[in-house]
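The following paragraphs explain a protein structure step by step. Please keep the sequence and the three-dimensional view at hand while reading.

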Amino acid sequence: MLFRSAWQDGDLAFIHAAGSPDPTRSHFESTRLIQKATPNMPSSSLSSGWLGRHLQTISSLGVGDLRAVAHEYILPQLLAEGPGALAVNDPTNFIFPGDPLSAPARRATISAMYDTSPAPMGTATVSSLAAIDLLATVDFDGYIPANGAVYPATMFGMALHNFAVMIKADIDLEVGAVTFHGWDHHNLMGPLTGTLANMLDDFSRSLEAFHLDMKGDSHGYTLVTQSEFGRRAAENGSAGTDHGHGNVMFVMGPSVNGGRAYGTWPEIGRASCRERV
């Protein structure tokens, strides 16, 4: 059991029936709604994400230049308008681009242009340059995971590895976000082989490694997984399943009352197995 240590330590819980109730059949719309936390609501001027709004309501742990890192090329909707939130696809190599010889002069020019500019450009420029300096102090290359943890050499595994490094480096990081892409398939879903089995193996081994790595560490964390769509119970014509509203969330961390599943499982009828495209 790949989640054995987290489950047995009481640090892992499953929350069933956690899918979005919104009837949209668009992946893009569903993703936007779940990251804004606005299901079943009409379109509005609300453009922030739910984690972005959370960061707006609490004081920062440090100076606030880098409060949240999205391990992606573009800041996801859930961190939109979050103070100190930045998309950093590769924290291990987040440097000022271009020729190193001219970098100081170009950086000084950009700083002079935007230091006194209002948001969003001014604050984004200042925080981005500060984040470059801050991440340069983190020893990603020399880091050795604790407790024998071995992260998969995958994009998701390396993202969780890098978050563990940043948390332990005491850079006052409050939020980390990463998207695990590629779940939009309708076949090859066998329990031991196939696309789904391989992705679930990567997912579970990555979370298990993160749990082992952080086990006994003084830095607290709560890891939450969510998906914008679930799966139907009925099998389709390709020996797989199509999209549905049912879903499960994983919650992991030393403050989680784990070792159990939460939620009341609703009756599965024909209506609840409705296909999404």
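**A guided reading of the model**

Leaving aside neighbours within four places in sequence, N40 is in contact with P21, D22 and P23. This residue belongs to the loop between α2 (27-36) and α3 (50-57). A further relation concerns T24: it is 16 residues away from N40 in sequence, while the two C-alpha atoms are 9.0 Å apart in space. Is N40 buried, partly exposed or exposed? Its relative accessibility is 48%, so N40 counts as partly exposed; the exposed class begins only over 50%.

It should be said at this point that the structure is a predicted model. Its overall form can be described with a few values. The protein has seven helices and nine strands. Its C-alpha atoms fill a box of roughly 65 × 50 × 35 Å, taken along the principal axes. For 277 residues, a compact globule would have a radius of gyration near 19 Å; the value for this protein is 21 Å, which agrees. Of the 277 residues, 41% count as buried. Among the contacts with a separation of 6 or more, 66% are between residues 24 or more positions apart.

Helix α2 offers a contrast to the loop that follows. Q35 has its place in this helix, and at 12% relative accessibility Q35 counts as buried, because the limit for that class is under 20%. When residues up to four places away in sequence are not counted, Q35 touches G49, W50, P76, Q77 and L78.

The next element to consider is helix α7, which comprises residues 195-214. How far apart should the ends of a helix of 20 residues be, at 1.5 Å a residue? The expected span is 28 Å, and the end C-alpha atoms of α7 are 29 Å apart, so the two values agree. The helix is mostly covered, since 14 of its 20 residues are buried. After α7 comes G216, whose phi is positive, near 80 degrees.

One residue of α7 deserves separate attention. F210 is found in this helix, and its relative accessibility of 4% means that F210 counts as buried. F210 touches Y151, L160, F163, A164, I167, Y221, L223 and M252, with residues up to four places away in sequence not counted. Y151 is 59 residues from F210 along the chain, yet their C-alpha atoms are separated by 7.5 Å.

F210 also leads to the interior of the protein. The largest nonpolar core has 33 residues, and those that touch the most other members are L160, M166, L207, F210 and M252. Two or more residues of this core come from each of β1 (12-16), α5 (121-135), α6 (155-168), α7 and β8 (248-252). Helix α6 gives the most, with seven residues. As an example of the contacts made here, L207 touches F3, F156, L160, L223, T225 and M252, again without counting residues up to four places away in sequence. Another core lies apart from this one; it has nine residues, among them L55, L78, L79 and V175.

Aromatic rings form a further part of the picture. A pair of aromatic rings is described by the distance of the centres and the angle of the planes. The count of such pairs in this model comes to seven. In one of them, the rings of F14 and F250 have their centres 4.9 Å apart and their planes at 85 degrees, so the pair is edge-to-face. Because F14 lies in strand β1 and F250 in strand β8, this pair ties together parts that are 236 residues apart in sequence. Both F14 and F250 are buried. The pair of F180 and W183 is likewise edge-to-face, because the ring centres are 5.2 Å apart and the planes are at 70 degrees. W183 is partly exposed, with a relative accessible area of 23%. One aromatic cluster is formed by W7, F14, F156, F180, W183, F203 and F250.

The last feature is a pair of strands. Strand β6 (residues 230-235) and strand β7 (residues 241-244) run antiparallel and are joined by three bridges. Which residue of β7 is the bridge partner of R231? The partner is H243. The two strands form a hairpin with five residues between them, and A239 in the turn has a positive phi of about 60 degrees.

Definitions and conventions
Residues numbered from 1 in each chain as written. Predicted model: local features only at pLDDT ≥ 70, side-chain atom pairs only at ≥ 80, totals over all residues. Heavy atoms only, no water. Pairing = 2+ DSSP bridges. Helix = DSSP H or I, 4+ residues; strand = E, 2+ residues; numbered from the N terminus. Expected span 1.5 Å × (residues − 1). Buried < 20%, exposed > 50% of the residue type's maximum accessible area, 1.4 Å probe, protein only. Core = buried A, V, L, I, M, F, W, Y, C linked by side-chain atoms within 4.5 Å. Contact = heavy atoms within 4.5 Å. Phe/Tyr/Trp six-rings, centres within 6.5 Å; stacked < 30°, edge-to-face > 60°. Rg over C-alpha atoms; globule rule 2.2 N^0.38 Å.
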